[in-house]
Amino acid sequence: MIKFVGGFDTVKSLPKTQFAEYAFVGRSNVGKSSLINAIVGEKIARTSNTPGRTQTLNLFNIDDRVMIVDLPGYGYARISKVDALRWLERLEEYLTTRRQLKRLFVLIDSRIGPRDSDLELMEFCDENAIQYQIVYTKTDKRIREKNQLKIEHIHHGAMVSDIIETSAEKKTGIESLRKIIGIK
């Protein structure tokens, strides 16, 4: 059973639970909500063609065992610098204080490759020993940039070595994510 727990504006307002949390983050328009929906097999996360729609920390309870956390995107949304800084501070607070967090999935559009904002997040996680895993999205789409920066585990101490390639549309890589999260 999948239940929307709520959208929370602050880390302090998140419910105190013992459930393991698996959080998803990435640049705006990376396909985060579509991927979450594919993983759980239901449309629980709101998808939009307008980048930056997810503005709260959205929690979904899966079978009273685990939580999926849909974090706001970064990098493209047309928001004020004050709001962008507030979102970044909230993300950092979540990552450094939430003991339930078992893994952060950093989503990167396979057509574009990692951008500075992705690399900055990875560096922050490396510096703070926050375990994360790279998930390439939209692998069914045509690659636009041929000379993409290659991400190598050896340069990132907190990164899980396996990079997962996914397509929410074709369901590629979905079973691998379900297995990591522990859902059927």
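This report describes the burial, salt bridges, strand pairing and nonpolar cores of a predicted model.

## Helix H1 and its link to strand S4

Helix H1 spans residues 32-40 and is mostly covered, with eight of its nine residues buried. The buried set consists of Lys32, Ser33, Leu35, Ile36, Asn37, Ala38, Ile39 and Val40. Glycine 41 follows H1 and has a positive phi, near 75 degrees.

Lysine 32 of H1 takes part in one of the nine salt bridges in the structure. Its partner is aspartate 70, with a separation of 2.5 Å from N to O. Aspartate 70 belongs to strand S4 (residues 66-70) and lysine 32 to helix H1, so this salt bridge ties together parts that are 38 residues apart in sequence. Both partners are covered: aspartate 70 is buried at a relative accessible area of 1%, and lysine 32 counts as buried at 6%.

## A charged network at the end of strand S5

Aspartate 109 lies in strand S5, which covers residues 101-109. The side chain of aspartate 109 meets that of arginine 111 in a salt bridge of 2.7 Å, N to O. Aspartate 109 also forms a salt bridge with lysine 138, where the closest N and O atoms are 3.8 Å apart. Lysine 138 sits in the loop between strand S6 (132-137) and strand S7 (164-165), so its pairing with aspartate 109 of S5 ties together parts that are 29 residues apart in sequence. Through shared partners, these salt bridges join Asp109, Arg111 and Lys138 into one network.

Each member of this network is buried. The relative accessible area is 18% for arginine 111, 7% for aspartate 109 and 17% for lysine 138. Since buried means under 20% relative accessible area, arginine 111 at 18% and lysine 138 at 17% both qualify.

## Strand S6 and its neighbours

All six residues of S6 are buried. In a regular strand, side chains alternate between the two faces of the sheet. In S6 both faces are covered: Tyr132, Ile134 and Tyr136 are buried on one side, and Gln133, Val135 and Thr137 on the other.

S6 pairs with S5 in the parallel sense over six bridges, and aspartate 109 stands opposite threonine 137 of S6. Together with helix H3 (residues 116-127), S5 and S6 make a right-handed β-α-β unit. S6 also pairs with S7 in the parallel sense, here over two bridges. In that pairing, valine 135 has isoleucine 164 of S7 as its bridge partner.

## Nonpolar cores

Nonpolar side chains tend to be buried together in soluble globular proteins. The largest nonpolar core here has 29 residues, of which Leu71, Tyr94, Leu95, Leu104, Val106, Tyr132 and Ile134 touch the most other members. Two or more residues come from each of strand S2 (20-26), strand S3 (57-62), S4, helix H2 (81-97), S5, H3 and S6. Apart from its neighbours within four places in sequence, tyrosine 94 is in contact with Val11, Leu14, Glu21, Ala23, Val69, Leu71 and Leu101.

A second, separate core comprises 22 residues, including Val30, Ile68, Val135 and Leu177. Strand S6 thus faces two ways in terms of named residues: Tyr132 and Ile134 are among the most connected members of the largest core, whereas Val135 belongs to the second core.

Key. Residues numbered from 1 in each chain as written. Predicted model: local features only at pLDDT ≥ 70, side-chain atom pairs only at ≥ 80, totals over all residues. Heavy atoms only, no water. Buried < 20%, exposed > 50% of the residue type's maximum accessible area, 1.4 Å probe, protein only. Helix = DSSP H or I, 4+ residues; strand = E, 2+ residues; numbered from the N terminus. Salt bridge = Lys/Arg side-chain N within 4 Å of Asp/Glu carboxyl O. Pairing = 2+ DSSP bridges. Right-handed = clockwise from strand over helix to strand, strands pointing away. Core = buried A, V, L, I, M, F, W, Y, C linked by side-chain atoms within 4.5 Å. Contact = heavy atoms within 4.5 Å.
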